Amino acid sequence: MMARRIGCAGPVADGIDSCSGETSGGSAGTTGGSVTATGTGHAMSAIGVSAVLDPAHGHHATVSLSSVSRPQVDGSWQLAVLADGYVTTQLLYVAAKLRLADALADAPASGPEVAAAVHADADVVTRILRGLCLDDVFVELADGRFALGRLGEYLRDGVAGSQRGPILARGEVYFPVAHALLDAATTGACAFEQTYGQPFFAHLNSVPAHHEAFEASMAGRAAHEADAVVAAYDMRGLSHLVDVGAGPGLIARAALRAVPTLSVTLVDRPAMMDRARREMNDAGLTRRCAFVAADFFDAVPAGADAYLLSRILHDWNDEEAARILRVCRAAMPPGARLLIVDAVLPERARDMPGAIRMDLLMLLLFNARERTAAEFDRLLATAGFELRRVIPTGSPTGLAVIEAVGKP
Ligand SMILES: C[S@@+](CC[C@H](N)C(=O)[O-])C[C@H]1O[C@@H](n2cnc3c(N)ncnc32)[C@H](O)[C@@H]1O
């Protein structure tokens, strides 16, 4: 069998794409003693890679890489990488679920060692670790072992900024919902309801595992947002806050810590109240808390000097959001403040990508939305409120505190 050494050129991404085994879709020709590959429509760039081409197999080449160059990413390849986002979601999910980062927390380890520690398949775990090396979650050392990368620590529970809860919810509960986006786009239906057969919170009531995943996701997200909210909005003038749809009470907890004279009434669905009680108990704050299991479409406790709706209105369409606001309005004495904590959509998407991503999540899960400041203004007016201030929190999600008071 005749074999020729060639110089390899072609679409270059990660330094190896066009030379990874087959010159698929391209053609090879000889130029002054070297061979060039052409024809895929990508940017071409010689990368100093040698390959052994077996003419008997046409374009099928066995390749040995003598050096790896920096990638030259063109738009087409960038789009191809984006389209594989579904794989990334699941790589992160499996890594979080199996606690691969915990297995690497103390020292680097080989793929099979990590797999043995988490009782999983050595080959698949090794490939997952390598896959996540591409995005700085793990790092591949010169000896082939793996270590935590820049992002790897956040896959672990109990670290500041942990994303394990949000990743589990995305991989387990939200992932199938994204598949119904086309339905939503063509019919206006709610992707979550198309997928699971009932609205989000009704589904959580009937599937405890999904309720748990949602709780953990909220805890992960709100933990790092709560301090930003309390730092942005001075609550020192308040004595009694009603936290409407309080969830596990992370914002309430941050507020209670910031203002020692404040008391908070947490209102949520019965299933959520148990967790809120536990969290406040663990934080030693129950003395200044009251817990009310109630439907915020019916009634909320009256007479407080402030009402907080944190990450509530974005779960509902305008008509439903206005109903919640009217219930709050009816409970508020004159002079009481309404504090809405939500992402405020930017004029241009790229000005606040975090808010845009959250808006898409709301679209998928609730057929609901984040809102611009002007949309908040209009919504508040329909429920008898006057918008006073929009105070940004500095969170990369575009979170702001929107302060309103009841119109006389
Ligand atoms: C996105 S979470 C926000 C939680 C919390 N305020 C925060 O900022 O982290 C929405 C909350 O609304 C609660 N919720 C949903 N429907 C409700 C209802 N009809 N009545 C009371 N609470 C409700 C959920 O249980 C959940 O805790």
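**Notebook: a strand and a helix**

I started with strand β8, residues 240–244: 4 of its 5 residues are buried, so the strand is largely enclosed by the rest of the structure. A reminder to myself that this is a predicted model.

Next I looked up the partners of β8. Strand β9 (residues 263–268) runs parallel to β8, and 5 bridges join the two. I picked out one pair: Val244 has Val267 in β9 as its bridge partner. Strand β11 (residues 306–310) also pairs with β8 in the parallel sense, over 3 bridges. Here I found Asp243 opposite Leu308 of β11.

What links β8 to β9? I traced helix α11 (residues 250–258), which makes a right-handed β-α-β unit with β8 and β9.

Then I moved on to helix α15, residues 373–382. Which of its residues are buried? I noted Phe376, Leu379 and Leu380. Looking down the axis of α15, I saw these buried residues fall within an arc of 100 degrees, so they line one face of the helix. That fits a handy rule: an α-helix has 3.6 residues a turn, so residues three or four places apart point the same way.

I also checked what covers the buried residues of α15, and the list includes α13 (318–331), β12 (337–343), β13 (385–392) and β14 (399–406). Just after α15, I came to Gly384, with a positive phi of about 90 degrees.

Last, I took in the whole chain. I listed 15 helices and 14 strands. Of the 408 residues, 37% are buried. Among contacts between residues at least 6 apart in sequence, 62% join residues at least 24 apart.

Key. Residues numbered from 1 in each chain as written. Predicted model: local features only at pLDDT ≥ 70, side-chain atom pairs only at ≥ 80, totals over all residues. Buried ≥ 20, exposed ≤ 12 C-beta atoms within 10 Å, placed from the backbone. Arc of directions from axis to C-beta. Contact = placed C-beta atoms within 7 Å. Pairing = 2+ DSSP bridges. Right-handed = clockwise from strand over helix to strand, strands pointing away.
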